[in-house]
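Work through the exercises below with the model open. Try each task before reading its solution.

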Amino acid sequence: MAESADSPSLRSVLRGRRGAFLAALLLAEFAAAMQGIAYSTVLPVIAGDLDGFALFGATLAAGSVAAVLMLSFAAPILGRFRPTLVLLAATLLYVVGAAAAVFAPTMGWVLAGTIVRGIAAGLLGGFGVGAIGALFDERERPRVFGLFALIWLLPSVAGPPLNALITEWLGWRVAVGWPAALVIIARVLMGATLAVVPWTPKSGQRVGVAAGVVVAASLALGAWGSATPTSLGVAALIVGVTIGGAAIAVFLSRGLPNAWPVLAAFALLCGGYFGATDLISLTVITGLGSTVLVASIAVAGGLVAWSLVGLRPRPDARPDPAIVGPLLLVAAIGALIAGVAIGSGIGIALVVGGGILAGGGMGAAYPLLSSEPFTTGAPATTVGSMVAFAETSATAWSALLAGGAYSALHVNGWRAAPALTVSYAALTVVAAAAVAFAVKSRSQRPRASRASGLAAD
């Protein structure tokens with residue numbers, strides 16, 4: 001496959017020792033996707049079996065909050081400790097967390113295991129993104145990040161029905177346990193190729209972590225508030241969303257000030273997309289009275305569009321895909337709002353189309369916005385941690401914003417359609433802010449950085 005002027009071939013990024021490491025990293029991502037989807041699919045069954053519905057909401061949010069907390073400390077950790085030690089620690093933590101859930105006698109053990117796995121995910125997430133930044137040059141990184149969207153496609157489409165069948169035939173412990181073996185295999189393969197990752201100790205590196213800790217605490221407070229049907233719960237949700245969003249902005253701007261606009265655009269893009277995706281099934285089933293099958297088509301359609309568009313990034317295209325992507329997301333959320341308002345068959349078609357359009361916007365912008373911060377010259381460990389933090393924290397924050405708003409309105413007697421409209425309206429503001437920051441970041445980008453890449457390794 002020949003390389004194009006604006007995107008290298010798959011063969012070039014998968015060649016040699018660094019390609020072997022990338023393949024192992026992609027396998028780890030695939031395994032983690034299967035693991036996460038397995039948990040989300042069978043968690044209601046687990047809660048029912050262990051009489052643990054009181055901890056259901058906390059368990060849903062715990063992994064993301066723990067990952068955000070760990071990513072707050074990831075940059076200084078990755079700057080001081082060798083990759084082998086980081087990988088070993090993350091793998092051991094993962095095994096402990098997975099085992100706690102598989103052998104859980106009570107729901108509290110599942111919650112504890114989810115927290116430990118979230119810590120492991122945060123540590124390895126910063127490491128993996130940083131390794132990509134260190135191994136691949138400016139032209140190659142969008143191509144590599146595009147592959148990660150493709151890796152999520154099969155688990156997203158096939159994962160839920162597969163794990164439902166395993167749960168039905170063999171039980172939920174097998175359903176949440178079998179992906180763990182795949183994760184461990186992927187980590188072993190990463191370890192075998194880890195020597196290719198360049199590592200320079202940065203013991204003098206200073207990255208403030210207070211704002212990141214505030215983000216995690218705010219998300220936890222908001223998650224509690226969204227599940228509490230009182231005025232105190234609503235107040236906690238509002239405080240959690242407000243302080244959490246401000247703390248994310250502070251953490252990213254202080255951690256990587258030269259890349260603040262593009263990090264903000266990337267975080268808002270992820271927040272707008274995943275927040276909307278989290279509401280699509282609810283919209284189709286509860287808001288429009290359709291079936292789970294139609295909801296799965298809308299969600300899967302967006303993931304397919306993301307994967308196909310993102311597989312071949314076009315950094316030199318005009319108009320700029322990094323700006324077009326968030327614009328498409330704004331239009332997609334508009335289609336979702338229109339679908340809720342119109343209802344019936346046309347409304348369902350608009351929601352399905354909106355999901356697909358949102359996925360196309362993510363595919364256009366995600367690889368470019370996630371790779372651009374590496375051009376600042378900051379250590380790859382720092383940039384990788386910040387990029388991973390931006391995505392993880394914004395995704396959790398938008399779920400709290402959109403899902404929490406719906407829950408609070410529903411508890412206070414609102415019907416599904418108007419409650420969904422308010423939630424989507426909030427996400428429209430998020431997506432519009434992503435457009436504004438994308439425009440700002442592209443206008444500030446050095447001309448030379450647009451025209452040329454770094455030397456290949």
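**Exercise 1. Classify how α6 and α14 are oriented to each other, then describe their contact.**

Solution. α6 and α14 are oblique to each other, because their angle falls outside the other classes (under 35 degrees is roughly parallel, over 145 roughly antiparallel, 65 to 115 roughly perpendicular, the rest oblique). The axes of α6 (residues 141–151) and α14 (residues 344–371) cross at roughly 125° and come within 8 Å. Axes here are lines fitted to C-alpha atoms, for helices over the stretch in contact, and angles run from 0 to 180 degrees between N-to-C directions. Helices are DSSP runs of H or I with at least four residues, numbered from the N terminus.

Next, the handedness. The crossing of α6 past α14 is right-handed (the near helix is turned clockwise from the far one by less than a right angle; anticlockwise would be left-handed).

Now list the contacts (heavy atoms within 4.5 Å). On the α6 side they are Arg141, Pro142, Phe145 and Gly146; on the α14 side, Tyr366, Pro367, Leu368, Ser370 and Ser371. By class, this contact has five nonpolar, three polar and one charged residue. Nonpolar covers Ala, Val, Leu, Ile, Met, Phe, Trp, Tyr, Cys and Pro; charged covers Asp, Glu, Lys and Arg; the others, Gly among them, are polar.

Last, the burial of α6. Nine of its 11 residues are buried (under 20% relative accessible area; exposed is over 50%, partly exposed in between; 1.4 Å probe, protein chains only). Among them are Arg143, Val144 and Leu147.

**Exercise 2. State how far the model can be trusted, and where confidence is lowest and highest.**

Solution. Start with the ground rules. This is a predicted model, in which local features need pLDDT of at least 70 and side-chain atom pairs count only at pLDDT 80 or more, while totals for chains, interfaces and linings use all residues. Residues are numbered from 1 along each chain as its sequence is written, and side-chain values use heavy atoms, with hydrogens and water left out.

The protein chain averages a pLDDT (the predictor's confidence in each residue, from 0 to 100) of 83, and 91% of the residues score at least 70. Confidence is lowest in α17 (residues 447–451), at a mean of 41. It is highest in α13 (residues 321–342), at 95. Over residues 1–5 the pLDDT is below 50, and this stretch has 14 contacts beyond near neighbours in sequence. Residues 447–457 also stay under 50, with 16 contacts beyond four places in sequence.

**Exercise 3. Describe the packing of α4 against α8.**

Solution. The axes of α4 (residues 83–102) and α8 (residues 172–192) lie 10 Å apart, at an angle of about 170°. That makes the pair roughly antiparallel. The α4 residues in contact include Leu87, Tyr94 and Val102; those in α8 include Trp172, Val183 and Met190. The contact counts 14 nonpolar, three polar and two charged residues.

**Exercise 4. Is Leu50 buried or exposed, and which residues does Leu50 touch?**

Solution. Locate Leu50 in the loop between α2 (16–49) and α3 (56–80). Leu50 counts as buried because its relative accessibility is 14%. Leaving out residues up to four places away in sequence, Leu50 touches Ala104, Pro105, Thr106, Met107, Val110, Trp172 and Arg173.

**Exercise 5. Find the backbone exceptions at Pro319 and Ser344.**

Solution. Recall the norm: most residues other than glycine have a negative phi, and most peptide bonds are trans. Arg318 and Pro319 are joined by a cis peptide bond, with omega about 5°. Pro319 sits in the loop between α12 (292–310) and α13. Ser344, in helix α14, has a positive phi near 55°.

How values were computed
Helix = DSSP H or I, 4+ residues; strand = E, 2+ residues; numbered from the N terminus.
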